[in-house]
Amino acid sequence: MKVAIAGSGALGCGFGYLLQKNGNAVTLMDYWEDHIQSIRENGLTISINGEVDNAKMTIGKPEEIEDKFDVIFVFTKSMGLRSMMEAIKHTIKEDTQIVCLLNGLGHAQTLSEYVSQKNIIMGTTVWTAGIDAPGVTHFMGQGPVELQNADPSQEEAARKVEALLSEAGLNGVYSEDVHFTIWRKACVNGTMNALCALLDGTIKEVFESSQIDFLLNHIVSEFAQLARTEGVELDVEETIAYLKALALKVGSHYPSMHQDLANRRLTEIDFLNGTVARESEAKGLEAPYCQMITQLIHAKEDVLGISK
């Protein structure tokens, strides 16, 4: 199968490497010149759960790619989704499946501006990854990757992508309610990512702090309150238990928002806690903790001199 990875940072490289290793024709697409040149000249060096390998992979800027693909995985930052879709329009066929595993909320609506809803597959992943240097990445976890077509009547297409992922060792799982999964993953990022970024700690360190129960309860409650207005029921206690169990599995990892700040990049906070704060206010609800976290992250971006 011809597969493209639109946004080939750490997570995208991990998916691309494993899909290629299983026999698929994979093309990486990215804009980071040093990363592109390193992979072209030296191959992708990747550590997967501690095992290091190097693989030759096709990579280029989206505008340079001439092929059309059966499946395109989008792994941009939330704020880069629309510009990436503009850049890859020429690589999309009538039946190309667009798989979106981005953090945050509201991405299906953006994708529907470019492809039919029947060709949009939404999902989440709990794989973690990081970039050690241009062309050198690490990839950790065991999955799963939960997904469902944005049009529930198109289950067959989503099942094919599920099989594609599972055969590559990425643990694809078909979800009967991807909206719930997306909201729960948003809670993961709105707690783990935001708190680790603000407190400059690993997930393990933050979740062992004396204030974690208080913080989780208030943040998750605000996510659950807004989710309910969209027909998604998030049980606060159950979600907190899920977060704590996940934290134990992931351990001493700095999540992506922490990595963004460390590398002087803008964060996705506006698509997480920022969305909860903004949409809650629009619906006459209160979300003071998500509002404060959003403001603090933006303040930290300002202190670090990260420009929008």
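A pocket, as the word is used here, is an open set of grid points where a 1.4 Å probe fits, with protein on both sides within 12 Å along at least five of seven lines. The model in front of you is a predicted one, and by that definition its second largest pocket has a volume of about 650 Å³.

Let's begin with that pocket. Its lining counts 32 residues, and those nearest the centre are Leu105, Gly106, His107, Ala108 and Gln109. Helix H6 makes the biggest contribution, six residues, while H3, H4 (107-111), strand S8 (120-125) and H11 (273-282) are also among the elements that supply at least two each. By character, the lining splits into 15 nonpolar, 13 polar and four charged residues.

Now turn to the largest pocket, whose volume is about 1200 Å³. Here 45 residues form the lining, and Gly9, Phe75, Lys77, Ser256 and Asp260 sit closest to the centre. Two or more lining residues come from each of helices H1 (10-21), H3 (81-87), H6, H9 (236-250) and H10 (256-262), as well as from strand S9 (128-133). H6 again has the largest share, this time with five residues. The lining of this pocket holds 21 nonpolar, 18 polar and six charged residues.

From the pockets we can move to the nonpolar interior. The largest core takes in 64 residues, and within it Ile72, Val74 and Phe207 have the most contacts. Helix H6, spanning residues 178-199, provides 12 residues of this core, the largest share. A separate second core has 36 residues, including Leu28, Leu44, Ala55 and Ile121. Back in the largest core, Val74 is worth a closer look: leaving aside residues up to four places away in sequence, Val74 touches Ala6, Leu81, Met85 and a run of neighbours made up of Ile98, Val99, Cys100, Leu101 and Leu102.

Finally, follow helix H8, residues 212-229. How far apart are the end C-alpha atoms of H8? They are 26 Å apart, which agrees with the expected span of 26 Å because the 18 residues of the helix are reckoned at 1.5 Å a residue. The buried residues of H8 are Ile212, Leu216, Ile219, Val220, Glu222, Phe223, Ala224, Leu226 and Ala227. Their cover includes H6, H7 (203-207), H9, H11 and H12 (288-303). Just past the end of H8 comes Gly231, with a positive phi of about 80 degrees.

Key: Residues numbered from 1 in each chain as written. Predicted model: local features only at pLDDT ≥ 70, side-chain atom pairs only at ≥ 80, totals over all residues. Heavy atoms only, no water. Core = buried A, V, L, I, M, F, W, Y, C linked by side-chain atoms within 4.5 Å. Buried < 20%, exposed > 50% of the residue type's maximum accessible area, 1.4 Å probe, protein only. Helix = DSSP H or I, 4+ residues; strand = E, 2+ residues; numbered from the N terminus. Contact = heavy atoms within 4.5 Å. 1 Å grid on protein atoms, 1.4 Å probe; cavity = no way out; pocket = protein on both sides within 12 Å on 5 of 7 lines; lining within 4 Å. Points joined across faces, edges and corners; volume = space filled by probe spheres on them. Nonpolar A, V, L, I, M, F, W, Y, C, P; charged D, E, K, R; others polar. Expected span 1.5 Å × (residues − 1).
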